[in-house]
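Here are my notes on this model, as numbered points. Please read them with the structure open.

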Amino acid sequence: DGIDAAFRINAAGFNNEHEYTVARSVGVRRIAVVGDSFTEALQVPPAETYFHTLEHGLAKRGIDAEVYSFGVSGNGTAQTYHMVSNVILDYRPDFVVYLFIPNDVMDSAACAGGNHWTVRYRLGDDGRIEPVAFDHYQISLLKDLLKRSSLFRYIFYQRRLLEILRS
């Protein structure tokens with residue numbers, strides 16, 4: 001019936017109560033969780049996200065840790081690899097946890113068809129994994145606003161508010 005949960009998009013563009021910093025606090029472990037919409041967790045109350053549960057569960061056991069979430073709806077294994085390589089490692093995490101969902105492989109496999117505008121891979125004749133050429137994606141105005149504006153994202157995802165606006 002639509003999204004009925006609060007969420008907070010931080011300055012890095014991810015749903016997390018923390019602002020992310022490269023600087024580390026002494027004695028505090030840093031865990032990065034990455035994945036698709038399950039990690040993005042826009043439909044889940046903040047206290048019920050698995051990354052919040054992980055952070056608070058560690059705190060109850062006396063382990064001082066901060067959990068940074070890097071969830072993007074629709075990301076597959078290829079996008080996750082690039083997210084880890086190009087974004088997450090800059091934050092110097094102690095651990096990276098990938099919430100793997102079975103359809104993630106299909107989102108990145110050239111043999112599966114699907115999106116021709118995202119990085120995909122295939123097995124080459126020499127047995128190595130090689131990237132498949134892809135078209136450049138032209139983001140729509142609506143998606144661009146969703147990506148750049150947490151206020152617009154909030155309004156867009158609040159079904160009740162949209163119904164009020166329509167009436």
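Is phenylalanine 100 buried, partly exposed or exposed? Phenylalanine 100 has 41% relative accessibility and counts as partly exposed. Keep in mind throughout that this is a predicted model.

1. **Overall make-up.** The protein has seven helices and five strands. Along the sequence they follow the pattern β-α-α-β-α-β-α-β-β-α-α-α. The chain has 167 residues, and 34% of them count as buried. The accessible surface comes to about 10600 Å². Carbon and sulfur atoms account for 57% of that surface.

2. **Contacts along the chain.** Take the contacts between residues at least 6 apart in sequence. Of these, 59% join residues at least 24 apart.

3. **The sheet.** Three strands form an open sheet, in the order S2-S1-S3. The pairing is parallel. S2 and strand S3 (95–98) are the edge strands, and each pairs on one side only. Neighbouring strands are turned against each other by 20° on average, direction ignored.

4. **The S1–S2 pairing.** S1 and S2 run parallel and are joined by seven bridges. To check the register, start at valine 33: its bridge partner in S2 is serine 69. Helix H2 (residues 50–60) lies across S1 and S2. Helix H2 runs at about 170° to S2.

5. **The largest core.** The largest nonpolar core has 10 residues: Phe14, Tyr20, Ala32, Val34, Tyr68, Phe70, Met83, Val84, Ile88 and Tyr91. Three elements each supply at least two residues of this core: strand S1 (29–35), strand S2 (65–71) and helix H3 (77–86). Apart from this core lies another, of seven residues. Ile31, Ala41, Phe51 and Leu58 are among them.

6. **Alanine 32.** What does alanine 32 touch, leaving out residues up to four places away in sequence? The list is Tyr68, Phe70, Ile88, Pro93, Phe95, Val96 and Val97. Alanine 32 is itself part of the largest core, as are Tyr68, Phe70 and Ile88.

7. **Aromatic pairs.** A search of the whole structure finds nine aromatic pairs. One of them joins tyrosine 20 and phenylalanine 70. The pair is tilted, at 5.2 Å centre to centre and 50° between the planes. Why does this pair tie together parts that are 50 residues apart in sequence? Tyrosine 20 lies in the segment before S1 and phenylalanine 70 lies in strand S2, so the ring pair links those two parts.

8. **Burial of that pair.** Both rings belong to buried residues. Tyrosine 20 has a relative accessible area of 10% and is buried. Phenylalanine 70 is buried too, at 0%. The cut-off for buried is under 20% relative accessible area, so the values of 10% for tyrosine 20 and 0% for phenylalanine 70 both meet it.

9. **A second pair.** Tyrosine 98 and phenylalanine 100 also form an aromatic pair. This pair is edge-to-face, at 5.8 Å centre to centre and 80° between the planes. Tyrosine 98 counts as partly exposed, at 30% relative accessibility. Phenylalanine 100, the residue of the opening question, counts as partly exposed at 41%.

10. **The ring cluster.** Which residues do ring pairs link into a cluster? They are Phe14, Tyr20, Tyr68, Phe70 and Tyr91. These five names also appear in the list for the largest nonpolar core.

How values were computed:
Residues are numbered from 1 along each chain as its sequence is written. This is a predicted model: local features need pLDDT of at least 70, side-chain atom pairs count only at pLDDT 80 or more; totals for chains, interfaces and linings use all residues. Side-chain values use heavy atoms; hydrogens and water are left out. Helices (H or I, at least four residues) and strands (E, at least two) are DSSP runs, numbered from the N terminus. Buried means under 20% relative accessible area, exposed over 50%, partly exposed in between (1.4 Å probe, protein chains only). Contact means heavy atoms within 4.5 Å. Accessible areas come from the Shrake-Rupley method with a 1.4 Å probe; for residues, only the protein chains shown count as cover. A nonpolar core is a set of buried Ala, Val, Leu, Ile, Met, Phe, Trp, Tyr and Cys residues joined through side-chain atoms within 4.5 Å. Rings of Phe, Tyr and Trp (its six-membered ring) pair if their centres lie within 6.5 Å; planes under 30 degrees apart count as stacked, over 60 as edge-to-face and the rest as tilted. Two strands pair if DSSP finds at least two bridges between them. Axes are lines fitted to C-alpha atoms, for helices over the stretch in contact, and angles run from 0 to 180 degrees between N-to-C directions.
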